[in-house]
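Thanks for making time this morning. I would like to walk through one structure with you, going from a single helix to a sheet and then to the contact between the two copies.

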Number of protein chains: 2
Amino acid sequence: MNIEILKKNKTFDGSTVIYEHQSKITNTPMKFSAFLPKSERIDSAIIWLSGLTCTEENFILKSGVQNYLQNTNTMIICPDTSPRGLDLKNEHDSYDFGSGAGFYLNATTEGYKDHYKMYDYISIELISILKDYFKVDKLSISGHSMGGHGALILGLREKNLFKSVSAFSPISNPTQCPWGVKAFEGYLIDSKDAKKYDATETLKDGLTRADSILIDQGLDDEFYPDQLLTKNLEFAAAKANQSLIVNYREGYDHSFFFLSTFIEDHIKFHLEHLKV
Amino acid sequence: MNIEILKKNKTFDGSTVIYEHQSKITNTPMKFSAFLPKSERIDSAIIWLSGLTCTEENFILKSGVQNYLQNTNTMIICPDTSPRGLDLKNEHDSYDFGSGAGFYLNATTEGYKDHYKMYDYISIELISILKDYFKVDKLSISGHSMGGHGALILGLREKNLFKSVSAFSPISNPTQCPWGVKAFEGYLIDSKDAKKYDATETLKDGLTRADSILIDQGLDDEFYPDQLLTKNLEFAAAKANQSLIVNYREGYDHSFFFLSTFIEDHIKFHLEHLKV
């Protein structure tokens, strides 16, 4: 496992690090960032999935998350949001498809099917890296917007991989919103595949977790409700007996300022589950 | 006083806001950011001066400062680092001169003298805005790198304006380092003017404060000591009987990760002085 450190910055007695490795799943180099607290016995990790247009850097630079992990045994790891360095058809034409917009699925369309396999990249390769390279075996998952969608589908479908699941402003029912429809049409040949990458549909299919899922959603979010469709997820969760806590936050929008305000709550939530 | 709000994001029960106004001093539109805690009786402000290449946004996005001001009566205000929207000779050719690199001085060279007057912009116009628009009268000042230089020269020369002064990784003796030499040559016709924009020279001239100045400096800072010359400042402070606390921090560099680690200490330092 050949993982290169591109940058390392001491932060709160720990380290913020940018890594790069050659992915066997996306067949491209992939980057991720991580914060490693000072602890000499880091035993657990939170996977953070970022939203549209982000790279591996945005969250670790802007969220302030290091402050809340500095005295724990838990690291956070933040992969990029798509393969990079390719030149596929339409890949760089818009912010909501292609580069920066991998949607955490395995693509089946021409060109994309050889690289845009972010579902497997996270659930297989990134998890091997966490186990073999970082030596951690207890994992939780969270994310924002498109990354909140990723956290929900991975957390529901690969439930045994994760101790807990949370999301900020997730794209909760992508088969029913413009972002998701566009992405799924571009990435998937067979429209029936779309359902398995949709958290609301996954719940309707009866895939649930025994633990509660935590969501924070700003009520002044410029993409709420049209792109996020949070209520559809709540409705499906209630029907499927999936415990779900949705905190609707008055006055907050879709930005990193919203994330930075409530990230401490989500970190605490995951730390509770990772302790067990 | 015509001040326009460009963007407002709820953050920790307060607001992160980007403002724009037409400056009578730089003769350009100028932007600044601010965090306003929820308090209904905000009575004091910290002026934050940013470093080379920064705009009004970098610090407020990346430092995590909102967390430490949320329950206080103190706002923070972060001006841009130069006038914008001009096309002066050499203005956009390099990262360390012209746009993004105003050096908090009043330029006297052709073209620049009509706009690059950041010293007066901060010490006169921004302070009027704080008094008249935000209704605060107790002020402190801090900054990073070029902004640390700005905080020191303004704090020493306009000492009655500020209750306290601090800096991260300041350019402490710009007349003796490459960044400062280049900037002062480009902005100042008369090289004798340079001394008054140099904190070490200002201390040598006997301008001191009664209170202690706080500095944090990373020892893995890629610009230390050559561009920062912290020891020259320490030496001049000792000779001038200026109380100065310099915390040298093992392993930390020049980045926002360093700032985000120690910003809480600086905020506490200023809050102590602003209480009085």
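In helix 5 of chain A, residues 178-187, the buried residues are A:Trp179, A:Gly180, A:Ala183, A:Phe184, A:Gly186 and A:Tyr187, where buried means that 20 or more other C-beta atoms, placed from the backbone, lie within 10 Å of the residue's own. Helices here are DSSP runs of H or I with at least four residues, strands are runs of E with at least two, and both are numbered from the N terminus. Those buried residues span an arc of only 165 degrees around the axis, which puts them on the same side of helix 5 of chain A, the arc being taken over the directions from the helix axis to the C-beta atoms. As a reminder, an α-helix has 3.6 residues a turn, so residues three or four places apart point the same way.

I should say at once that this is a predicted model, in which local features need pLDDT of at least 70 and side-chain atom pairs count only at pLDDT 80 or more, while totals for chains, interfaces and linings use all residues. Residues are numbered from 1 along each chain as its sequence is written, and chains are lettered from A, with ligands numbered from 1, in the order in which they are written.

Turning to the sheet, chain A has six strands in an open, mixed arrangement with the order 1-2-3-5-4-6, two strands being paired if DSSP finds at least two bridges between them. Its edges are strand 1 (3-11) and strand 6 (138-143) of chain A, each of which pairs on one side only. Strand 4 (residues 44-49) of chain A runs parallel to strand 6 of chain A and is joined to it by six bridges, and A:Trp48 stands opposite A:Ser142 in strand 6 of chain A.

Now to the second copy: how many residues does each chain bring to the contact? Chain B gives 18 residues and chain A gives 18 residues, with contact meaning C-beta atoms, placed from the backbone, within 7 Å. On the side of chain B that touches chain A, the largest share, four residues, comes from helix 8 of chain B.

Chain B can be laid on chain A with an RMSD of 0.0 Å by a turn of 180 degrees and a shift of 0.0 Å along the axis, superposed by least squares on C-alpha atoms of residues with pLDDT of at least 70 in both. The two copies are thus related as by a two-fold rotation axis, and in chain B the C-alpha nearest that axis belongs to B:Lys62, 2.3 Å away. Finally, 100% of the interface residues of chain B are also interface residues in chain A, so the copies meet through the same surface.

Key:
Contact = placed C-beta atoms within 7 Å. Buried ≥ 20, exposed ≤ 12 C-beta atoms within 10 Å, placed from the backbone.
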